[in-house]
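Colleague: I'm new to this one. Could you take me through the sheet up close, and then show me what sits around it in the rest of the chain?

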Amino acid sequence: MSENRTFFVKAEQGDIKVKDIFSDVLRRHTPEENARLFIGGTALTTPDEASMLSKWMKPYMFARIFLLVLIVVLAGVLMNNALILPFVFIAGSFLVPITVMFFYWELNIPRNISFPSVIVILLVGGILSLVFTTVFNLFNVSQIYVLYYLGVGIAEEAAKILAVAVWVRKGDKKYILTGMLVGAAVGAGFAAIESAGYAVIGNGWSYGVMILRAFLSVGGHVSWAAVSGGALVWAKGGDELAPKHFTSGLFLKYFALVIALHAVWDITGVIPACLVFCVIILVVSFRMIQAGLNQVVRSSRGSNYNSLTRALQHDGVAGGLGGISNGYRSGAGGYGRTPQGIQNAVRQPPPAPAAYTAPLRIQGVSGYFASRRFALEGCVRIGRETDMNQLVYPAGTAGVSKNHCEVMVKNGRVYIRDLGSTYGTFVDGKRLQPNQVCEIGVGARVCIGSAREEFRIVQKKI
């Protein structure tokens with residue numbers, strides 16, 4: 001699994017680039033990673049908000065799906081058998097829309113929709129939106145060319161967003177990326193079923209038309225519905241879907257853009273213009289993806305800080321730590337070597353201070369929790385395993401074991417114990433033996449594995 005820490009930092013800062021999202025497409029993935037991808041999203045496998053960043057993988061399967069279906073379609077074309085012709089047109093119609101849908105499914109970091117559910121949304125949502133479109137088009141009787149196609153744009157996009165609403169109406173569907181996934185699935189179903197229907201009807205249908213419609217669907221029905229779905233969920237947040245969300249300025253802004261692009265697309269009907277419209281909607285989609293990534297990272301980290309870390313009295317430290325400094329640097333040669341100044345031999349700690357009466361805090365000095373402060377109450381376990389620890393580091397954090405150490409407060413005194421970590425726990429430069437309990441005082445420097453991950457015990461000012 002790739003290291004996503006840098007990716008999430010960029011997402012939180014709104015600095016994600018296209019290459020950051022697609023950087024794992026060519027990476028070789030293990031069977032375990034493939035299996036983990038397809039078992040997510042059920043009631044038993046959907047991660048909670050605090051741990052949804054953990055074990056998430058950047059999109060890659062969509063590219064394999066595209067190649068697989070493309071090979072099947074080309075094989076059908078080369079066979080030149082009339083009996084397989086319907087399959088070729090149906091598979092070709094679904095080829096690109098399903099690929100894009102898969103991309104949004106992999107990008108849905110909350111992993112709150114399972115693969116079977118996505119297939120249901122694709123098929124049922126596609127058919128449902130076509131049914132709504134048929135009903136809405138009954139009222140489009142304008143004989144004016146421009147107004148007619150404007151009516152078509154309104155009818156089809158309204159039909160798709162109503163189908164999307166069926167799946168995002170509940171309060172737990174609060175993430176922009178989830179709304180984009182549902183929209184993309186509905187749009188993919190609409191585009192694929194419509195194209196397959198045209199193939200059956202005929203009317204000048206050919207391999208060229210099939211390929212053209214398939215690839216234009218990326219910047220057409222699929223992206224239009226993805227943007228509308230993301231905007232609707234963005235507008236409603238964690239609330240139950242209500243009529244007011246359809247009239248919110250945030251939703252209407254994106255929905256009006258989608259309708260306008262759809263209508264102008266139909267009015268012009270020329271390939272160069274359609275390609276320009278594709279670029280416009282893909283840029284808008286990417287901006288919304290950036291907002292969605294920022295949302296899930298902030299939500300997960302906020303939940304991690306406030307819940308898993310017991311930070312009920314979080315002080316919200318921002319910026320640097322003033323005069324606090326590490327006091328030593330990591331040794332040359334990178335991680336895995338013992339930091340300078342840290343001795344492996346265990347020495348007796350200095351005499352313990354009197355019991356503390358003011359509230360105690362874990363103050364991040366450097367590393368993942370730098371400039372963060374958390375309430376220290378009872379026993380706080382530290383490590384990468386989300387189910388066993390309260391202060392949880394991301395998967396893949398160098399030097400931090402799944403269950404690394406624990407900090408305890410008893411009768412106003414602070415103790416720390418290493419839990420058999422691989423790279424050790426260091427207190428003021430002294431490495432603890434496995435399971436050794438050491439009493440520490442305010443200001444003590446604690447390093448998790450190396451000087452890169454350091455925190456101190458401080459008292460809250462009252």
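Modeller: Sure, let's start with the sheet: five strands form an open one, with mixed pairing, in the order 4-3-5-6-9. Its edge strands are strand 4 (391-392) and strand 9 (437-440), each pairing on one side only. Strands here are DSSP runs of E with at least two residues, helices are runs of H or I with at least four, and both are numbered from the N terminus. Two strands count as paired if DSSP finds at least two bridges between them.

Before going on, this is a predicted model, where local features need pLDDT of at least 70 and side-chain atom pairs count only at pLDDT 80 or more, while totals for chains, interfaces and linings use all residues. Residues are numbered from 1 along each chain as its sequence is written, and side-chain values use heavy atoms, with hydrogens and water left out.

Back in the sheet, strand 5 (residues 405-410) and strand 6 (residues 413-418) run antiparallel to each other, paired over six bridges. One to look for is Cys405, whose bridge partner in strand 6 is Asp418.

Now the wider chain: its secondary structure comes to 13 helices and 11 strands. Of its 462 residues, 50% count as buried, meaning under 20% relative accessible area, with exposed being over 50% and partly exposed in between (1.4 Å probe, protein chains only).

Two helices are worth a stop. Helix 10 (residues 221-236) has 14 of its 16 residues buried, so the rest of the structure largely encloses it. Its end C-alpha atoms are 23 Å apart, which agrees with the 22 Å it should span at 1.5 Å a residue; the expected span is 1.5 Å times one less than the number of residues. Just after helix 10 comes Gly237, with a positive phi of about 60°.

Helix 6 (residues 115-137) has 23 residues and reaches 32 Å from first C-alpha to last, close to the expected 33 Å. Its buried residues include Val118, Gly125, Gly126 and Thr133.

For a look at the surface, try helix 7 (residues 145-168), where you'll find Val146. Val146 counts as partly exposed because its relative accessibility is 45%. Together with Ile144, Tyr145, Leu147, Leu150 and Ile154, Val146 makes a nonpolar surface patch of about 540 Å².

Conventions:
Patches are made of residues with over 30% relative accessible area and no salt bridge: like charges are joined within 9 Å, nonpolar side chains (Val, Leu, Ile, Met, Phe, Trp, Tyr) within 5 Å. Accessible areas come from the Shrake-Rupley method with a 1.4 Å probe; for residues, only the protein chains shown count as cover. A salt bridge is a side-chain nitrogen of Lys or Arg within 4 Å of a carboxyl oxygen of Asp or Glu.
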